[in-house]
Amino acid sequence: MTTHESRRKFIAVTGTVALTALAGCADGDDESRDTIEDIPTAIDEYLEDAPNYEGTMVDATGEDRVSVSLTLNNVFEPAAIRIDAGTTVEWVWEGGGHNVVSDEDSATEFDSGEVVAEEGTTFEQTFDDAGIQLYYCEPHTTQGMYGGIEVVD
């Protein structure tokens, strides 16, 4: 590999890491959220192949609405959240062809429909009952585009 190729690869990788880190800061509420480590086993196992999952989840209890980004890096950001029953989750497309589909092991069935690539597209679902919600993006399952939600009373 030439020096120029090495530099290009380094710049591409660091740019991707920086964009992923910034994606979590786009919503001002994210800065005040705590992360929690007592993850339900079903979510922890489901997200083991998600590239941005590090064994913690965002504590979004107490919020009426929570946003999850579908990123250009083909991840849900954040990958795991804990919310109260009655909270609405809004998935927001940052670009790229994505959809949101509940896994068969999810407590609630939901589906955003066809794959959409338009930035700013949104899909929302209110979770009224406690339980584990598991979901994925159909075209990016091989890249680990998975998400999990713990809904608590």
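Two strands count as paired here if DSSP finds at least two bridges between them. Helices (H or I, at least four residues) and strands (E, at least two) are themselves DSSP runs, numbered from the N terminus. With that in hand, let's walk through the structure.

This is a predicted model, in which local features need pLDDT of at least 70 and side-chain atom pairs count only at pLDDT 80 or more, while totals for chains, interfaces and linings use all residues. Residues are numbered from 1 along each chain as its sequence is written, and side-chain values use heavy atoms, with hydrogens and water left out.

**The overall plan**

The protein chain has 2 helices and 10 strands. Starting at the N terminus, you meet them as α-β-α-β-β-β-β-β-β-β-β-β. Of its 153 residues, 42% count as buried; buried means under 20% relative accessible area, exposed over 50%, and partly exposed in between (1.4 Å probe, protein chains only).

**The sheet of 4 strands**

One open sheet holds 4 strands in the order 4-3-6-8, and its pairing is mixed. Strand 4 (76–77) and strand 8 sit at the edges with a single partner strand each, so one side of each has no neighbour in the sheet.

What about strand 6 (residues 87–93)? Here 6 of the 7 residues are buried, so the strand is largely enclosed by the rest of the structure. Strand 6 runs parallel to strand 3 (residues 65–70), with 6 bridges joining them. It runs antiparallel to strand 8 (residues 122–127), again through 6 bridges.

Here are some of the residues that face each other across paired strands, including one pair from the other sheet:

| Residue | Opposite residue | Strand of the opposite residue |
|---|---|---|
| Leucine 70 | Tryptophan 93 | Strand 6 |
| Valine 89 | Glutamine 125 | Strand 8 |
| Valine 92 | Threonine 122 | Strand 8 |
| Arginine 82 | Glutamate 150 | Strand 10 |

In a regular strand, side chains alternate between the two faces of the sheet. Strand 8 shows such a pattern: Phe123, Gln125 and Phe127 point to one face and are buried, whereas Thr122, Glu124 and Thr126 point to the other and are not.

**The sheet of 6 strands**

The other sheet is open too, with 6 strands in the order 1-2-5-10-9-7 and mixed pairing. Its edge strands are strand 1 (34–36) and strand 7, and each of them pairs on one side only. Inside the order, strand 5 (residues 80–84) and strand 10 (residues 146–152) pair in the parallel sense over 5 bridges.

**Two loop residues**

Aspartate 49 belongs to the loop between helix 2 (41–46) and strand 2 (57–59). Is aspartate 49 buried or exposed? Its relative accessibility is 56%, so aspartate 49 counts as exposed.

Serine 112 lies in the loop between strand 7 (101–102) and strand 8. Serine 112 counts as partly exposed because its relative accessibility is 23%. Between serine 112 and serine 102 there are 9.2 Å in space, C-alpha to C-alpha, and the two are 10 residues apart in sequence.
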